[in-house]
Amino acid sequence: MKTIDSLGDLTGKKVLVRSDLNVPLDGTTITDDGRVRASVATIEKLLAAGASVIVTAHLGRPKGEPEAKYSLAPAAARLAELLGKPVTLADDLVGPSAKATVAALQPGQVAMLENVRFDARETSKVDEEREALAAELAAFADVFVSDGFGVVHRKQASVYDIAKVLPAAAGLLVQKEVESLSKAVTDPARPYVVVLGGSKVSDKLGVIANLLTKADRILIGGGMVFTFLKAKGFEVGKSLLEEDQLDTVRGYLATAEEKGVEIVLPTDILAATGFAADAEFDVVAADAIPADRIGLDIGPDSAALFASKIVDAKTIVWNGPMGVFEFPAFAGGTKAVAQAMIDSDGFSVVGGGDSAAAVRILGFDEAGFGHISTGGGASLELLEGKVLPGLAVLEG
């Protein structure tokens, strides 16, 4: 994979950087700026090399046209604070404002184009439409740096097609993500422990299937655990359940037994009267969830069990919280997993999305983990062993 150093002398060059600034917002307030902070190192390296930087990124899921609530203005303001210099935000993507903003850009300065998904061509399934947008973006710059790891699994104009038009390289974040996740997948130090949570088994089918050939232990929590418990014949009450995945999960359990992979399921569950922060709850055995209750977290015995299965690991990959960690009463399982990873001497990877948010929201020191990924879907697909188009196009 080509790196920034392969691009040669960048003095006076304009560099188009695809960043991942898809941050959660409360109105116009960023509630977790992790992705913005992760984008800084690459931009600073390019500025130090004498380049000017044009940032392109997306936020949310606009339907191919401008929507005020998805403006990158909050991300531009936060990036300016972190860089300690102005970030000029254009009013459009490739229109008059963008052209004027880029034309005025001097070495050492940073500009940002408005949300790339305000243009329907960005995510088009028609190659020619994406290529046309990529050509317009390419006209702004001399080289392209791909640093939005959260989108490298997408065949999109600002991720894939642009890299076929301009000299292209991976940014520092993408480079670090690939190196860290590859370290956990290709030749992991053992014991190799994987912790999977989140709401749905169906989101992680390929990952589980692939890890059954690689991991020593797989710990299952979160909403997806109830499909595993049901597959074993247990009552799960009103808990999240994917009936259509029961046979698949039974197959996983059989394969794990055949291959000697330890599948660790919770022994107890926090069973609540409803999905609410103040819901009443009891600790119940995992095989005895009342029919009128909903499981919102693994129980205290399970938290201790999971921690004991993590602390001796040499490689740990975690993707998905153990419960509804946003509700303090149901954050215990997720906290236990995070703390055990910190306490372990192994190399630990937090696989993006909700897990990364949980680390920050629950107040853990990010330095305690080997790597915290910025890309949920992209990290899952790497763990699944898939070829990611946004990475493949950077091979040279």
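The following exchange goes through strands, sheets and one buried residue of a predicted model.

Trainee: In which order do the strands of the six-stranded open sheet run?

Mentor: The pairing in this sheet is parallel. Its edge strands are β11 (262-264) and β17 (371-372), each of which pairs on one side only. The order is β11-β10-β9-β15-β16-β17.

Trainee: Which residue of β16 does tryptophan 318 stand opposite?

Mentor: Strand β15 covers residues 315-319 and strand β16 covers residues 347-350. The two pair in the parallel sense over four bridges. Opposite tryptophan 318 in β16 stands valine 350.

Trainee: At about what angle does helix α10 run to β15?

Mentor: Helix α10 comprises residues 332-343. The helix lies across β9 (192-196), β15 and β16. Its angle to β15 is about 155°.

Trainee: Is serine 146 buried or exposed?

Mentor: Serine 146 is in strand β7 (residues 143-146). Leaving aside residues up to four places away in sequence, serine 146 touches Arg18, Val152, Ala169, Ala170, Gly171, Val174 and Leu394. Its relative accessible area is 1%, and the cut-off for buried is under 20%, so serine 146 is buried.

Trainee: Which residues of β4 are buried on each side?

Mentor: Strand β4 spans residues 52-56, and five of its five residues are buried. In a regular strand, side chains alternate between the two faces of the sheet. Both faces of β4 are covered, with Ser52, Ile54 and Thr56 on one side, and on the other Val53 and Val55.

Trainee: What is the bridge partner of lysine 14 in β4?

Mentor: Strand β1 (residues 14-18) runs parallel to β4, and five bridges join them. The partner of lysine 14 in β4 is serine 52.

Trainee: And which residue of β6 is the bridge partner of isoleucine 54?

Mentor: Three bridges join β4 to strand β6 (residues 110-112), and these strands run parallel. Isoleucine 54 is among the buried residues of β4. Its bridge partner in β6 is alanine 111.

Trainee: By how many degrees are neighbouring strands turned against each other on average in the sheet β13-β12-β14?

Mentor: This open sheet has three strands with antiparallel pairing. At its edges are β13 (281-285) and β14 (294-298), each pairing on one side only. With direction ignored, the average turn between neighbouring strands is 40°.

Trainee: What is the bridge partner of alanine 272 in β14?

Mentor: Strand β12 consists of residues 268-272 and pairs with β14 in the antiparallel sense over four bridges. In β14, the partner of alanine 272 is isoleucine 294.

Terms used. Residues numbered from 1 in each chain as written. Predicted model: local features only at pLDDT ≥ 70, side-chain atom pairs only at ≥ 80, totals over all residues. Heavy atoms only, no water. Pairing = 2+ DSSP bridges. Contact = heavy atoms within 4.5 Å. Axes fitted to C-alpha atoms, helices over the stretch in contact; angles between N-to-C directions. Buried < 20%, exposed > 50% of the residue type's maximum accessible area, 1.4 Å probe, protein only.
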